[in-house]
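Let's take a walk through this protein together. Have a look at the sequence and the model first, and then we'll go through a few spots one by one.

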Amino acid sequence: MLSAPNESEIIGDRVANPIPGQPDVTHGAILYLEDVTLSFDGFKALNKLNLTLDDGELRCIIGPNGAGKSTMMDVITGRRKPDSGQVFFGQNIELLKLAEHDIANGMVGRKFQRPTVFEALTVAENIELTLLGKRAPWQVLKARSTPAEQTRIDEVLTTIGLIGLRHQLAGILSHGQKQWLEIGMLLAQNPRILLVDEPVAGMTGEEMARTAELLVSLAGERTVVVVEHDMAFVRKIARTVTVLHQGSVLAEGSLGSVQSNPKVIEVYLGETPCSH
């Protein structure tokens, strides 16, 4: 809640609060991108992009390389600032006014395509490192977790299916297990929005099925956004699908409606819609 009107800025019918806090989701939405444009050397990576995500939903974002998917995630997480447009977390918090580390603190967590874990630490220590904040790994090993933190570590490991491997070094995990561990490291930060970039690239069929179950289970308590090229995987988890093309939303809806959309078919030149 804003302490005084002169500490905020009215933008349209929303109040932009530069201080991280609880998002206003009384209208159901947790994230708004409004007319977001970002150019690189004259090329519009994002072109008046408009996107709304509901609180607790699972959304799949698809589209060809160069459609703007990664740039969109860069803007949401504060990694890049757009040339114009607005990005709101709920109705009341304007993300463009926040630093990247503020956005990552309980707001938006992002998992890149390649898993980044501390391979010399155990599975549990990787989660513990996240809970203890931005400290060097050796500091984490010397620090003692509180009982509440240990309980949280167990909860996260159970959620990602690695509770039985808590003492195993992360470096000897399978590719899929490393992906789940990184998702767990993000969950330990308790983000309201989880951005997951191509989570099943290089996975076995069994790992892919487990990842689908995990991501579906995470939706509801938080909003889960999955950027993916593997349409077989998208079919397993898809509820609402957004197709990006040339930095804008080309189509949105159920997977079936998107695949039969004439605009999508035209853009992909008669290929299987959204297969790239």
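**A pocket, a sheet and a loop**

Helix α1, residues 69–76, gives the largest share of the lining of the second largest pocket, with 4 residues. Keep in mind as you look around that this is a predicted model. In all, 15 residues line that pocket, and N65, G66, K69, S70 and H229 are the ones nearest its centre. What classes of residue make up the lining of the second largest pocket? There are 5 nonpolar, 7 polar and 3 charged residues. The space inside the second largest pocket comes to about 160 Å³.

Now move over to the sheet. It's an open one with 6 strands, and if you step across it you meet them in the order β8-β9-β10-β5-β11-β12, with mixed pairing. The edges belong to β8 (108–111) and β12 (248–253); each has a single partner strand, so one side of each is left without a neighbour in the sheet. On average, neighbouring strands here are turned by 20° against each other, if you ignore direction. As for what holds such an arrangement together, strands of a sheet pair through backbone hydrogen bonds, either parallel or antiparallel.

You can find both kinds of pairing here by visiting the two edges. At one edge, β8 pairs with β9 (residues 193–197) in the parallel sense, over 4 bridges. Look for K111, which stands opposite V196 in β9. At the other edge, β11 (residues 240–245) and β12 run antiparallel and are joined by 5 bridges. There, T242 stands opposite E252 in β12. These two strands, β11 and β12, form a hairpin with 2 residues between them. One to look for in the turn is Q246, which has a positive phi of about 55°.

Back at the β8 edge, a helix comes into view: α6 lies across β8 and β9, running at about 165° to β8. Follow the chain back from this helix and you reach the loop between α5 (147–159) and α6 (175–187), which is where L165 is found.

Is L165 buried or exposed? Somewhere in between: L165 has a relative accessible area of 24%, so it counts as partly exposed. Setting aside neighbours within four places in sequence, L165 is in contact with V123, L173 and Q177. Take V123 from that list: L165 and V123 are 42 residues apart in sequence, while their C-alpha atoms are 6.7 Å apart in space.

Note on methods. Residues numbered from 1 in each chain as written. Predicted model: local features only at pLDDT ≥ 70, side-chain atom pairs only at ≥ 80, totals over all residues. Heavy atoms only, no water. Buried < 20%, exposed > 50% of the residue type's maximum accessible area, 1.4 Å probe, protein only. Contact = heavy atoms within 4.5 Å. Pairing = 2+ DSSP bridges. Axes fitted to C-alpha atoms, helices over the stretch in contact; angles between N-to-C directions. 1 Å grid on protein atoms, 1.4 Å probe; cavity = no way out; pocket = protein on both sides within 12 Å on 5 of 7 lines; lining within 4 Å. Points joined across faces, edges and corners; volume = space filled by probe spheres on them. Nonpolar A, V, L, I, M, F, W, Y, C, P; charged D, E, K, R; others polar.
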